[in-house]
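Student: Could we go through the inside of this protein together, beginning with its empty spaces and then turning to its packing?

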Amino acid sequence: MVLAMSEDNSEQVGSHPRLCDVLQVLWAERDQCLRDLARERTEGLAMEQPTPAGCEGQWDNMSCWPSTTTGWTVEVQCPRFLQMLTGRNGSLLRNCTQGGWSETFPKPDVACGVDMNNLSNEKRHAYLLRLKVMYTVGYSSSLVMLLAALGILCAFRRLHCTRNYIHMHLFVSFILRALSNFIKDAVLFSSDDAASCDAQKVGCKLVMVFFQYCIMANYTWLLVEGLYLHTILVISFFSERKCLQGFVALGWGSPAILVTLWAVARYFLEDDGCWDINANEPVWWVIRGPVILSILINFILFINILRILMKKLRTQETRGTEVQHYKRLAKSTLLLIPLFGIHYIIFVFSPEDAMEIKLFFELALGSFQGLVVAVLYCFLNGEVQLEVQKKWRQWHPRELPLRPMLSSSYSNGTGGFTPGTTASPSEQSLSTCRTSII
């Protein structure tokens, strides 16, 4: 059985959770029930009270029924494993008669909302199957393009600068995000063999910790992109080396701290299943909160970047070449805003009725984010195109003379060499790289 999972909040949706998760919850309820009943009998013996006429507490393989006296009706909530299947809660009742416990009423499937003949489940399952195909294609194509883009930026020394180093880290975060999705699907949905549940328990939790780390690291590096772009427009002189070191610590270190806190909280407060279902909202906000905060900060940064650019464009002292640079940068910034997770905030408090739309944006469209980032930051970058053409001409010297493949719409600069300034080709390339916005 194939399931789809919202990658950003890991709330499992679809027809059914994993069999292992259901069984582990059922076994946990059974063990807790047997402990409670044993303690109840021990306390009764210690107090040397006579056993009243009635029904002895029992575990009926689904629910825990405490001891009660004849003539009483006991009400308990639907078993948690049924709540996992349906997402609904209800009550089950049993009468204590002179002949013992009565049958459970209403029937568990009616009281707890289990409707195995509901056609809407089949339609939703088919939709999730198509969605899984879409995000598999999206992550696969993104992975290929990101690996190619990362290889290009690493191969050419003239492209080695702070801006492109940040791009490389962003590419790696997208690569890890794609790989973590494939690993998660392989581990969570590979087998429903009940005999292997205990063996998978620790491994799948580690996979979910890695998965959440990759998601958070990806959003953090998207924030770093916005911070660096804002910094070079607002601050004229700063240490790029120290700036890069701080960004690396922020991009990879802060997600590690937050995911560690989440894992500790899950272990002590919500150690259920494979940690792929987040029913405890306070625990889940350890991850959800920082992600939303990073998206909001990024959005504010980009709005301020556009404000600065519009202000520069209206300044009469701005030269003609700089005007073109700022116009191209403004267009590029507007294009990048949708990539930085604004949809996450739109759907974070969405009702259950909008779940399918939310999954489409987060999984189907979100899986192509890496591909778009690789194209914008690498393949459409004018400096990258020139370096690739130079290498091509070394291998094919009789080809046409060197020329840009297209106008440098995605390699805009905030500055450059003024007329009369001379510099070697390598220095010009390095300067262009350092002042390149995209």
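Tutor: For the classes used here, Ala, Val, Leu, Ile, Met, Phe, Trp, Tyr, Cys and Pro count as nonpolar, Asp, Glu, Lys and Arg as charged, and the others, Gly among them, as polar. The model is predicted, so local features need pLDDT of at least 70 and side-chain atom pairs count only at pLDDT 80 or more, while totals for chains, interfaces and linings use all residues. Residues are numbered from 1 along each chain as its sequence is written, and side-chain values use heavy atoms, with hydrogens and water left out.

Student: How many nonpolar, polar and charged residues are in the lining of the largest cavity?

Tutor: A cavity is a set of points on a 1 Å grid over the protein atoms alone where a 1.4 Å probe fits but cannot get out, and lining residues have an atom within 4 Å of a point. Among the residues lining the largest cavity are Tyr139, Phe174, Arg177 and Gln369. By class, the lining has four nonpolar, five polar and one charged residues.

Student: Which element gives the most to the largest nonpolar core?

Tutor: Such a core is a set of buried (under 20% relative accessible area, 1.4 Å probe, protein chains only) Ala, Val, Leu, Ile, Met, Phe, Trp, Tyr and Cys residues joined through side-chain atoms within 4.5 Å. The largest one has 64 residues, and Ile166 and Trp262 are among those with the most contacts inside it. Several helices (DSSP runs of H or I, at least four residues, numbered from the N terminus) each supply at least two residues, including α4, α5 and α7. The element giving the most, with 15 residues, is α6.

Methods. 1 Å grid on protein atoms, 1.4 Å probe; cavity = no way out; pocket = protein on both sides within 12 Å on 5 of 7 lines; lining within 4 Å. Buried < 20%, exposed > 50% of the residue type's maximum accessible area, 1.4 Å probe, protein only.
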